[in-house]
Amino acid sequence: PIVLGIESSCDETGVALVRGTTLLGDALASSVDEHVRFGGVVPEVASRAHLEAIVPMLERACADAGLTLADVDAVAVTAGPGLAGALMVGVSAAKAVAWALDRPLYGVNHLCAHVCADVLDHGPLPEPTVALLVSGGHTDLLLVRDIATDVEALGRTIDDAAGEAFDKVARVLGVPYPGGPHLDRLATQGDSTAIRFPRGLTSGRDLERHRFDFSFSGLKTAVVRWVQERERAGLDVPVADVAASFAEAVADVLTRKAIDACRTHGITDLQIGGGVTANSQLRAMAEERCATAGINLRVPRVRLCTDNGAMVAALGAQVVARGLPPAGLGLGTDSSLPVSSVSVV
Ligand code: ATP
Ligand code: MG
Ligand code: FE
């Protein structure tokens, strides 16, 4: 079956068509430029941008696939988590398409969709697999026994998400929003061993109590304090070194805990997804450490790591393949949908 996927949980309007684990067509619009002057995503602005982009993206995705909406067998849409108003636009569009074509409608979890994006690049996920999801709003370590039905949270951030930390540190360094990609570019000019920033929840009692949890707010504060002290002393701030050392601290904790989760659960496959996975230092460190640990690492191409419609269609296809019940036109949105709810009815 051909599954249409619609994503609108934050500031990307994504529409794609997938058959099995094959991406047939893909279209993406982003309102990120409209949020730059506010230094973060403004929900009302995002919702309005989704409204303007959704129909053009539906058309573009079909054209990209060389298909029409009539070829679609099922419709999948992000039901949560995300911004309520933004989610509503995608869900309403999905309902309209499903109703007009008389096709089943599936509401899927945005976080599980990030994990599922990987099947489009590397085929079916080995199960069980450990998944590390690192994005602007989430940092979760997951145990995936079945991507369509059984996803368990092993740990999560107890304060800021990794992407949020990138965006906040960027602001301190005078780098424009969204900070992640800009900091990444800056860091390539810097020395990642120049400054030793703290690794949250990695020792002593913290580690015992929060073995698979993360904390990035202390790291952010440490970076702010380090920069302020330099400035107070009248010294130049080596921005590239700060960026590289900060990303090193983030990547170190993420990869260390993900590999520990694999070892603890006797799992030899690690999947990494979410927008922060675009980070070059995280990718390099994960590759190196997984190779050493004998863990098979799966990281999709960058375009499939940040928000997109393809991952939603991919998860929809898995849900359809399992013969799970569709949602019906009463499908609602849930801004704080837990990761264990892979699909909703
Ligand atoms: P969520 O999926 O949790 O709802 P989101 O929609 O903001 O959040 P994504 O689009 O998956 O998430 O990721 C966006 C985040 O990824 C931003 O915080 C951004 O700064 C970060 N990011 C993007 N590229 C990079 C990069 N190269 N290095 C570090 N961070 C990056
Ligand atoms: Mg985004
Ligand atoms: Fe996301």
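## Surroundings of ligand 1

In this predicted model, 23 residues lie around ligand 1, and those that come nearest are Gly 136, Gly 137, Gly 163, Gly 180 and Gly 275. Two elements, helix H6 (162-172) and helix H7 (179-187), each give two or more residues to this shell. Helix H7 gives the most, with four residues.

By residue class, the shell around ligand 1 comprises 14 polar, six nonpolar and three charged residues.

## Annotated binding site

An unreviewed UniProt entry lists His 110, His 114 and Asp 307 under "binding site". These residues are spread over 198 residues of sequence, yet they cluster in space, with a largest C-alpha distance of 8.8 Å.

## The two histidines of helix H4

His 110 is found in helix H4, which covers residues 110-116. His 110 counts as buried because it has 26 C-beta neighbours inside 10 Å, where 20 or more suffice. Apart from neighbours within four places in sequence, His 110 is in contact with Ser 9, Thr 78, Gly 80, Pro 81 and Gly 82.

His 114 also lies in helix H4. With 32 C-beta neighbours inside 10 Å, His 114 is therefore classed as buried. Its contacts, again leaving aside neighbours within four places in sequence, are with Leu 133, Ser 135, Gly 273, Gly 274 and Met 311.

## Confidence of the model

The protein has a mean pLDDT of 96, and 100% of its residues reach 70 or more. The scores for the model are ipTM 0.96 and pTM 0.95.

Methods: Residues numbered from 1 in each chain as written. Chains lettered and ligands numbered in written order. Predicted model: local features only at pLDDT ≥ 70, side-chain atom pairs only at ≥ 80, totals over all residues. Near = placed C-beta within 6 Å. Nonpolar A, V, L, I, M, F, W, Y, C, P; charged D, E, K, R; others polar. pLDDT = per-residue confidence, 0-100. UniProt positions renumbered as here; feature names shortened; annotations may be inferred. Buried ≥ 20, exposed ≤ 12 C-beta atoms within 10 Å, placed from the backbone. Contact = placed C-beta atoms within 7 Å.
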